[in-house]
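Biologist: Could we go through this structure together? I would like to begin with a single residue and work outwards.

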Amino acid sequence: MRSILPVVAAALLLLLPTETLRSVAALPAHVAGKFEEISACREGPEGQYYIFDRRAHAVFSLPPSRDAVKEVIRIGGEAGRILRPTAFDVADDGTFVVADAPGSRGRVQVFFPTGDPIGGFGLPGRETPVVVLDGLVLSGLASLAYTGRSVLISQPFSGALVVEYALDGKIVRSIGQLRRTGHEGDPDVHLALNAGLIVSETAGGFYYIFVAGVPVFRRYDAAGTLLFERHIEGIELDDYVRSIPTAWPRRRTGDGAELPLVRPAVRAAAADRNGNLWISLGVPYTYVYDSNGDKRRTVQFRAAGIVAPNGLSFTSSGRILVTPGCYTFPTSNSQLPTPD
């Protein structure tokens, strides 16, 4: 009897209803209207907010009241500015990084909370998007995590899933073996199916979520050791899994190269302070896994309507910041619906 209990428990979890979380705060209309495309929204250590506007090639800061906007990083290809930005992340000390690609050359820059530059480094080769959904780059230089001491970047073309860089650009280590895809004979497809999102967690390690192909995530500890691998499963993903092709159409890039058009299963991910992993899918549902990799919840976010997150982060009070829109949500319906 005991041996079947875990199986029964897993089956019951699949039957749990989807929870709807409703927004408890949003940007004032006169503030929200100043942004072209909110690609990331993060809370800083002093309660301020950072808005990464990918389309405007800019980063903005807001006070805790969210009633004013200050542009701290402006468009430009020179050092201290950003051009064709792809990713953004904030460390606990308020410093932040922006990845961009002036001249299609990957670059990572580090900034003080004020927007003053600390430094940065370039990356070898030309930056080419690997997985794109609705114009949103989900992999390549768009997938990084900033610890305050180093930057973790998804770089499967290097032979490892993740490369960790010191802030001077020196490689600290490479982490994670590529997964088998059955497409090793087509390097472009093989690498696209190994592209992933990197999510730091409080224990010092990180999650790696494969964004396309068979939906899977892995958890690594601070030493870079693989702790476990789990499949991402649910009825919301059944259509995606059934339609995974055996061959991918190609698309032509601006420099004349042809790359496979790979449809992603995952749009965004983040970990809360308890190590729970929140994974937002290509369809507007979010799965929540505990620190052991067991699925616990299925969630939908509702603001003016159902929100399909392309960015997730957590505030110091444990609320969720969701883009597009930079809405604030409770993590459960038991939280008091008061804004941060």
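Modeller: Certainly. Please keep in mind that this is a predicted model. A suitable starting residue is Ala 99, which counts as buried at 0% relative accessibility.

Biologist: Which strand does Ala 99 lie in?

Modeller: Ala 99 lies in strand S7, which covers residues 96–100.

Biologist: And the rest of S7, how many of its residues are buried?

Modeller: Five of its five residues are buried, so S7 is mostly covered, buried here meaning under 20% relative accessible area. On one side are Phe 96, Val 98 and Asp 100, on the other Val 97 and Ala 99, and all of these are buried. As a general point, side chains in a regular strand alternate between the two faces of the sheet.

Biologist: Which strands pair with S7?

Modeller: Strand S6 (residues 87–90) pairs with S7 in the antiparallel sense over four bridges. Strand S8 (residues 105–111) also runs antiparallel to S7, joined to it by five bridges.

Biologist: What does Phe 96 stand opposite in S8, and what is its bridge partner in S6?

Modeller: In S8, Phe 96 stands opposite Phe 111. Towards S6, Phe 96 is the bridge partner of Val 90.

Biologist: Which residues take a positive phi in the two hairpins?

Modeller: Gly 94 does so in the hairpin of S6 and S7, with phi near 90 degrees and five residues between the strands. In the hairpin of S7 and S8, which has four residues between the strands, Gly 103 takes a positive phi near 65 degrees.

Biologist: Back to Ala 99. How far apart in space are Ala 99 and Leu 144?

Modeller: Their C-alpha atoms are 8.5 Å apart, although the two residues are separated by 45 positions in sequence.

Biologist: Changing topic: which residues have the most contacts inside the largest nonpolar core?

Modeller: They are Tyr 207, Ile 209, Phe 217, Ile 232, Leu 277 and Ile 279, in a core of 26 residues. The elements giving two or more residues to this core are helix H3 (187–192) and the strands S16 (196–200), S17 (206–210), S22 (266–271), S23 (277–281) and S24 (286–289).

Biologist: What does Leu 277 touch?

Modeller: Leaving aside residues up to four places away in sequence, Leu 277 touches Val 199, Tyr 207, Ile 209, Phe 217, Ala 269, Ala 270, Ala 271, Tyr 287, Val 288 and Tyr 289. Apart from this core lies another, of 14 residues, which includes Phe 121, Leu 144, Tyr 146 and Val 163.

Biologist: S16 and S17 came up there. What is the strand order in their sheet?

Modeller: The order is S16-S17-S18-S19, an open sheet of four strands with antiparallel pairing. S16 and strand S19 (226–231) are the edge strands, each pairing on one side only. From one strand to the next, the twist averages 15 degrees.

Biologist: How many bridges are there between S17 and S18?

Modeller: Four, with S17 and strand S18 (residues 216–220) pairing in the antiparallel sense. Tyr 208 stands opposite Arg 218 in S18.

Biologist: What about disulfides: how many does a search of the whole structure find?

Modeller: The search finds one disulfide. It is formed by Cys 41 and Cys 326, whose sulfur atoms are 1.9 Å apart. The pair links distant parts of the chain, 285 residues apart: Cys 41 is in strand S2 (residues 38–43), and Cys 326 is in the loop between strand S28 (320–323) and strand S29 (327–329).

Biologist: Are the two cysteines buried or exposed?

Modeller: Cys 41 is buried, with a relative accessible area of 1%, and Cys 326 is buried as well, at 0%.

Biologist: What sheet do S28 and S29 belong to?

Modeller: They belong to an open sheet of three strands in the order S27-S28-S29, with antiparallel pairing. Strand S27 (311–314) and S29 stand at the edges with a single partner strand each, so one side of each lacks a neighbour in the sheet. Neighbouring strands here are turned by 30 degrees against each other on average, direction ignored. S28 and S29 pair over three bridges, and the bridge partner of Val 322 in S29 is Tyr 327.

Biologist: Finally, how many helices and strands are there in the protein, and what share of its residues counts as buried?

Modeller: There are four helices and 29 strands, and 53% of the 340 residues count as buried. The protein exposes about 15,400 Å², of which carbon and sulfur atoms supply 53%.

How values were computed: Residues numbered from 1 in each chain as written. Predicted model: local features only at pLDDT ≥ 70, side-chain atom pairs only at ≥ 80, totals over all residues. Heavy atoms only, no water. Disulfide = S-S within 2.5 Å. Buried < 20%, exposed > 50% of the residue type's maximum accessible area, 1.4 Å probe, protein only. Core = buried A, V, L, I, M, F, W, Y, C linked by side-chain atoms within 4.5 Å. Contact = heavy atoms within 4.5 Å. Pairing = 2+ DSSP bridges. Axes fitted to C-alpha atoms, helices over the stretch in contact; angles between N-to-C directions. Areas by Shrake-Rupley, 256 points an atom, 1.4 Å probe, with all protein chains shown as cover.
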